Amino acid sequence: SQSMREILIIILIIFSSKLFSAPEGIERLNFFPDADAWLRTEYSHTTFNIETPRETVKAKEVNNYYNLLTLTYAHKFSRKYFAGLKMGFEDASENGVLYGIPFRRRFTSVGFIDPEIFLNYRLRSLKKNRGNIDLHVSLLPSLGYRKISRPTVNRFSGRNSLRTQLNFGFQEEKWEFQNSFGFTYNSARREENEFLGVKLRPESSFRLDFNFSTQYALRELLFLSGTVGIFYHSTEIVRQMQGEKRELRSGTGSLFKVALKRKISEWSLIEGGYALRRSEYFVKGETSNLNGDLNSGQVFADYVVLF
């Protein structure tokens with residue numbers, strides 16, 4: 001009938017416009033795309049180094065690695081916010097020096113990390129005379145105790161973490177800028193480290209950070225970005241069951257990051273880059289003290305697709 005044909009034509013027009021219309025924002029430094037949902041797959045390899053130059057050979061220089069694969073999905077529930085879930089799988093090595101124990105030998109473990117539930121809320125959109133403001137809130141609920149042993153169990157942290165971050169962004173022609181202020185709270189946890197033969201109880205801690213980022217459009221589909229930042233990690237008290245109490249991982253640090261983005265289409269993008277983090281490291285214990293630097297270098301690559 002005539003009415004049925006009109007309905008089919010309307011449905012086809014809506015579907016075609018959705019399928020072929022180009023969304024905006026996939027390449028933005030202030031990422032908040034004009035799409036119903038987005039999916040991100042990311043791989044990173046991090047080398048982690050602790051140097052305590054004045055200490056014994058057992059703790060003088062320690063190197064570790066972290067291989068992480070994550071999958072993130074976010075859905076837009078209204079014009080102003082996305083809500084999503086991030087899952088990850090990690091292959092990593094550690095030493096007792098990370099906990100202030102002068103034990104140089106490495107142990108490795110493989111498994112899933114804690115999931116992350118997050119909300120991205122656009123408080124203010126970009127206008128001619130003012131920038132945008134975004135609020136990011138994420139929760140990493142613990143799925144169980146952290147247990148380190150020779151058989152692989154998981155890579156859970158054994159603690160709950162809550163992070164809030166405010167981003168202030170602005171765009172002017174080929175340039176884009178962002179200032180971000182973040183606060184992370186980590187609850188206390190219990191850890192059974194069968195490799196070291198100890199039970200640890202790290203208490204709660206927090207972290208403050210500030211980052212400044214900029215991005216420049218080299219070409220229509222190619223974008224170069226850079227980030228510099230500083231952060232502060234509070235003192236973390238680690239109690240060892242039937243052992244000493246230690247204060248560790250306190251002090252300031254810096255971040256340097258560079259990345260290159262390439263739009264495959266209006267719906268998809270690939271990115272690769274390198275990040276360098278430097279910070280102070282010290283342990284104040286009842287029987288031993290460690291002082292030095294904690295550095296990490298990270299190579300990462302990710303793929304983003306909009307829906």
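Contact here means heavy atoms within 4.5 Å. By this criterion, and leaving aside residues up to four places away in sequence, Leu196 touches Gly96, Tyr99, Ile101, Phe103 and Phe107. The structure described is a predicted model.

Leu196 is one of the residues with the most contacts inside the largest nonpolar core, which has 21 residues. The others listed with Leu196 in that respect are Phe48, Ile50, Val97, Leu98, Tyr99 and Tyr281. At least two residues of this core come from each of the strands β1 (37–51), β2 (61–76), β11 (198–202), β17 (268–285) and β18 (289–306). Another core lies apart from it and has eleven residues, including Phe32, Ala74, Phe118 and Leu269.

As a whole, the protein contains one helix and 18 strands. Of its 307 residues, 44% count as buried. Among contacts between residues at least 6 apart in sequence, 62% join residues at least 24 apart. The accessible surface comes to about 16900 Å², and carbon and sulfur atoms account for 59% of that area.

Strand β18 also holds Phe300. Phe300 has a relative accessible area of 6% and is therefore buried, since the limit for this class is under 20%. Beyond residues up to four places away in sequence, Phe300 touches three stretches of the chain and their members are as follows: Glu42, Tyr43 and Ser44; Lys257, Val258 and Ala259; and Glu271, Gly272, Gly273, Tyr274 and Ala275. Of these, Tyr274 is 26 residues from Phe300 in sequence, while the C-alpha atoms of the two are 6.3 Å apart in space.

Charged side chains were examined next. Side chains of opposite charge can pair when their charged atoms come close. A search of the whole structure finds 14 salt bridges. In one of them, the side chains of Asp302 and Arg40 meet at 3.3 Å, N to O. Asp302 belongs to strand β18 and Arg40 to strand β1, so this salt bridge ties together parts that are 262 residues apart in sequence. Asp302 and Arg40 are both buried.

A further salt bridge joins the side chains of Arg155 and Glu94, at 2.8 Å from N to O. Because Arg155 lies in the loop between β7 (146–148) and β8 (161–172) and Glu94 lies in strand β3, the pair ties together parts 61 residues apart in sequence. Both of these residues are buried. The side chains of Asp134 and Arg122 also form a salt bridge, with an N to O distance of 2.7 Å. This pair links strand β6 (residues 132–140), which holds Asp134, with strand β5 (residues 116–124), which holds Arg122, and the two residues are twelve apart. Asp134 and Arg122 are likewise both buried. In addition, salt bridges that share partners join Glu90, Glu94, Arg146, Arg155, Arg189 and Glu191 into one network.

Aromatic side chains form 13 pairs. Phe77 and Tyr81 make a stacked pair, with 6.1 Å centre to centre and 15 degrees between the planes. Phe77 is exposed, at a relative accessible area of 53%, whereas Tyr81 is partly exposed, at 27%. Phe181 and Phe210 make a tilted pair, with 5.0 Å centre to centre and 40 degrees between the planes. This pair links distant parts of the chain, as Phe181 is in strand β9 and Phe210 in strand β12, 29 residues apart. Both partners count as partly exposed: the relative accessible area is 45% for Phe181 and 29% for Phe210. Phe31, Trp38 and Phe118 form one aromatic cluster, and Phe118 is also among the residues of the core of eleven.

On the surface, a nonpolar patch of about 820 Å² is made by Leu85, Met87, Ile117, Leu139, Leu162, Phe183, Tyr185, Phe206, Leu208 and Tyr232. The elements giving two or more residues to this patch are β3 (81–94), β9 (175–186) and β12 (205–217). Met87 is located in strand β3. The relative accessible area of Met87 is 39%, so this residue counts as partly exposed; a patch residue must have over 30%.

Conventions:
Residues numbered from 1 in each chain as written. Predicted model: local features only at pLDDT ≥ 70, side-chain atom pairs only at ≥ 80, totals over all residues. Heavy atoms only, no water. Patch = residues over 30% accessible without salt bridge, like charges linked within 9 Å, V, L, I, M, F, W, Y side chains within 5 Å. Areas by Shrake-Rupley, 256 points an atom, 1.4 Å probe, with all protein chains shown as cover. Salt bridge = Lys/Arg side-chain N within 4 Å of Asp/Glu carboxyl O. Helix = DSSP H or I, 4+ residues; strand = E, 2+ residues; numbered from the N terminus. Buried < 20%, exposed > 50% of the residue type's maximum accessible area, 1.4 Å probe, protein only. Core = buried A, V, L, I, M, F, W, Y, C linked by side-chain atoms within 4.5 Å. Phe/Tyr/Trp six-rings, centres within 6.5 Å; stacked < 30°, edge-to-face > 60°.
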